[in-house]
Amino acid sequence: VLHHAPFPGKPLTPWEWRDGCWYFFMDKCPGVPLDTVIQKMSPAELDHIADQLLAVLKEMRAIKSTTIGALDGGPFDNRFMPYPWQPSKAFASVSQYLEYYRKLFLDICGPDYVKELFAPFPSGANVPVHLPHGDLVPRNILVQGSTITAIIDWETAGFYPEFWEYCRMHERSWMSPQWSRVLARVFPGPKRE
């Protein structure tokens, strides 16, 4: 995105969006979504993709925050956390973030399931908070050959605990032998639960 009209300081309702006209000035990035070509890539090409992703993730991990929330310091505005799960403010700690969602899940699921679901998440003060893309999966990675030309669809970016990107990239619907190879190189070692 090269330029966009300034956004208001508050969320807009669908009726307010209808009343305005919003423009984005963008460059068209070369390449095709990785998910359309990943099945045909050689092991060397997949390793090349992984090495580039490692560099991108390293840059993103260098951008840290003391709160967990949107890029502007406010609460998440994330389609993966729609109403009524969308928090009203940013979180001061990973523990606070996890407790918020633990309580929401208790309203939907039994306590045994919630305990099992949340047990693997680290919640100590030493869990880093940084900038992940939030949806860094093959459909959002543009490539030309085995060169990444762009990463698109940044609407879920924000400041999250370090495990957020790992979890999103390991979403089961994207798993294939090829993507698994990329992820094994990006996240070496045993697969995290």
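Is the crossing of α3 and α4 left-handed or right-handed? Keep that in mind while we look at the two helices, and remember that this is a predicted model.

Start with helix α3, which covers residues 94–108, and then find helix α4 at residues 111–118. Their axes come within 9 Å, and they cross at roughly 150°. Angles over 145 degrees count as roughly antiparallel, so α3 and α4 are roughly antiparallel to each other. As for the opening question, the crossing of α3 and α4 is right-handed.

Now zoom in on where these helices touch. On the α3 side, the contact is made by L98, Y101, R102, F105 and L106. On the α4 side, you'll find P111, V114, L117 and F118. Sort the residues of this contact by character and you get eight nonpolar ones, one charged one and no polar ones.

Next, let's move over to the sheet. Strands of a sheet pair through backbone hydrogen bonds, and the pairing can be parallel or antiparallel. Here, three strands line up in the order β3-β5-β6 to make an open sheet, with antiparallel pairing. β3 (32–33) and β6 (147–151) are at the edges with a single partner strand each, so one side of each has no neighbour in the sheet.

Take a closer look at β3 and strand β5, which spans residues 141–144. These two run antiparallel and are joined by two bridges. Follow P33 across and you'll see L142 in β5 standing opposite. Finally, helix α2 (residues 43–61) packs on the sheet, where it touches β5 and β6. The direction of α2 makes about 40° with that of β6.

Methods: Residues are numbered from 1 along each chain as its sequence is written. This is a predicted model: local features need pLDDT of at least 70, side-chain atom pairs count only at pLDDT 80 or more; totals for chains, interfaces and linings use all residues. Side-chain values use heavy atoms; hydrogens and water are left out. Axes are lines fitted to C-alpha atoms, for helices over the stretch in contact, and angles run from 0 to 180 degrees between N-to-C directions. Helices (H or I, at least four residues) and strands (E, at least two) are DSSP runs, numbered from the N terminus. Angles under 35 degrees count as roughly parallel, over 145 as roughly antiparallel, 65 to 115 as roughly perpendicular and the rest as oblique. A crossing is left-handed if the near helix is turned anticlockwise from the far one by less than a right angle, and right-handed if clockwise. Contact means heavy atoms within 4.5 Å. Ala, Val, Leu, Ile, Met, Phe, Trp, Tyr, Cys and Pro count as nonpolar, Asp, Glu, Lys and Arg as charged, and the others, Gly among them, as polar. Two strands pair if DSSP finds at least two bridges between them.
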